[in-house]
Amino acid sequence: MIENLNQPHVGMFVFAWFLADLLVPALIWIALRTGAVDRPHTYKTHEHPVAFLGGVGIFLAFSVAIFSILRFESFEGNRPLFGIVFGAAFVLVLGVIDDMRPIWAVAKLLVLFLATWLLGRFGVAATLFEQPFAWANTVLTLFWIVGVTSAMNSLDNMDGAAGGVTVLAALTTFVIAWENYAALSTGPENSYWRQVQRWVSFASIAHAGATLGFLRYNAVGPARTYLGNNGAFLTGFLLAAITILGAWSQADRVKSIIIPCVVLVVPLYDITLSTILRAKSGVVKGVVEAITYCGRDHVTHRLAALGLGKRGAVLFLYLFSAVAGCVAIYISRPSVPRAQYLPVTGAGIVVLVVLGMILDRAKVYEPLPATRAAGDDKGGAITGGAVV
């Protein structure tokens, strides 16, 4: 039983969902009249301009839901949540500017570095290393923020793909945090750890609700709006920041590493497999080009080419994410020792390797062009000449 919490999670989820559902149509109207749209092109499949301010609606619904429902007693008592909201605002602005006029990759990395530094100032950082190697926590946090943000941006390549996976990952994170909170005693030795789980549960459920409200206009019927770089950056940043805050295990550092990787296995697997198969197929030269290559060769494109079609490919990602979420919830429980979760993790890696071998059979490189695209053609990473 969760004590002294008043259990506002259902209210936060519904409120964030409701706000996003109201805000997104207004943002679509604004985008169509201000030119904030993804226009049809020879390599894009949509026939009409599509708004790409989806991230703005998600951010507004997410932040308003947190601030209005929780009624914070003090700023100091909830610093990490404020840090996540402020950092997300930086990333959102970066994405909006990049959608309107592409930004140099180094500049984007500098903004993400600033957002990561800001998170650290508010107490959101990895805690795996102790003195004299505590500096490695900052490096690990930066790599995680950049990696997950880039992976989610890469996953935004078909209608509903990134948004649906985000909802499932956020809900998984919420369940783990809520169970951790409920299982902890109220003793002083656990008070901060328990509070961390409370923050994570709030942020993740608000994120899930806000993204679900957006998803109605992105995954149902012809997409009326895209996440755009602003939305892909935002969802990736929020998932990365929330999972890095969670820490997940006081006693088992291996578990602390495995859990967030399992929760976010879909975007991490997509960008990793795409990079490996690009190099293997010889369509790129070198690691940097393999990462920055922009084409229709992601997991969804391969699944569609193997016969599932676009809708089937996206639904497969949902199933993939849901199964991974169940595994993450199982691993997260304190009663599950290494002797149990390490074999499960190993079996999961074998499944991913076999799936990769199957996906490698898909014909995705010819005659498809390697170009930047949105909606059904969007892919790539954050560290290249352009984020796509």
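**Figure 1. Helix 12 and helix 13 side by side, in a predicted model.** Here we zoom in on helix 12 (residues 299-332) and helix 13 (residues 338-359), whose axes come within 13 Å of each other and cross at roughly 175 degrees. Angles over 145 degrees count as roughly antiparallel, so that is the label for helix 12 and helix 13. Who does the touching? On the helix 12 side, look for Val299, Arg302, Leu303, Leu306, Phe316, Phe320, Val327, Tyr330 and Ile331. Helix 13 answers with Gln340, Tyr341, Val344, Thr345, Leu352, Leu355, Ile358 and Leu359.

**Figure 2. Helix 4 and its buried side.** Helix 4 covers residues 105-121, which is 17 residues. At 1.5 Å a residue, helix 4 should span 24 Å, and its end C-alpha atoms are indeed 24 Å apart, so expectation and model agree. Try picking out the buried residues of helix 4: Ala105, Lys108, Leu112, Ala115, Thr116, Leu118 and Leu119. They cover an arc of only 160 degrees around the axis, which means they sit on the same side of helix 4. A handy rule helps here: an α-helix has 3.6 residues a turn, so residues three or four places apart point the same way.

**Figure 3. What lies on either side of helix 4, and what comes after.** Which helices do the buried residues of helix 4 pack against? They pack against helix 3 (79-100), helix 5 (135-155) and helix 8 (228-246). Swing over to the face turned away from the buried side, and you'll find the exposed residues Leu110 and Arg121. After helix 4 comes Gly123, which has a positive phi, near 90 degrees.

**Figure 4. A cis peptide bond in the loop between helix 4 and helix 5.** Follow the chain along this loop until you reach Pro132. Is the peptide bond from Gln131 to Pro132 cis or trans? It's cis, with omega near 10 degrees.

**Figure 5. Thr225 and the residues around it.** Thr225 sits in the loop between helix 7 (191-219) and helix 8. Its relative accessible area is 2%, and anything under 20% counts as buried, so Thr225 is buried. Leave out residues up to four places away in sequence, and Thr225 still touches Val24, Ile28, Val50, Ala51, Phe52, Leu53, Gly54, Phe214, Tyr217 and Asn218.

**Figure 6. Ala247, with a positive phi.** You'll spot Ala247 in the loop between helix 8 and helix 9 (253-263). Phi of Ala247 is near 60 degrees, a positive value in a residue that isn't glycine. Is Ala247 buried or exposed? Its relative accessibility is 18%, and the cut-off for buried is under 20%, so Ala247 counts as buried.

**Figure 7. Phe174 in helix 6.** Phe174 belongs to helix 6 (residues 161-183), and with a relative accessible area of 9% it is buried. Setting aside neighbours within four places in sequence, Phe174 is in contact with His9, Ser201, Ser204 and Ile205. Now find Ile242: Phe174 and Ile242 are 68 residues apart along the chain, yet their C-alpha atoms are separated by 9.8 Å.

**Figure 8. Zooming back out to the protein.** Count up the secondary structure and you get 13 helices and two strands. Of the 388 residues, 56% are buried. Take the contacts with a separation of 6 or more: 79% of them involve residues 24 or more positions apart. The protein exposes about 16,600 Å², with carbon and sulfur atoms supplying 68% of that area.

How values were computed. Residues numbered from 1 in each chain as written. Predicted model: local features only at pLDDT ≥ 70, side-chain atom pairs only at ≥ 80, totals over all residues. Heavy atoms only, no water. Helix = DSSP H or I, 4+ residues; strand = E, 2+ residues; numbered from the N terminus. Expected span 1.5 Å × (residues − 1). Buried < 20%, exposed > 50% of the residue type's maximum accessible area, 1.4 Å probe, protein only. Arc of directions from axis to C-beta. Contact = heavy atoms within 4.5 Å. Areas by Shrake-Rupley, 256 points an atom, 1.4 Å probe, with all protein chains shown as cover. Axes fitted to C-alpha atoms, helices over the stretch in contact; angles between N-to-C directions. Parallel < 35°, antiparallel > 145°, perpendicular 65-115°, else oblique.
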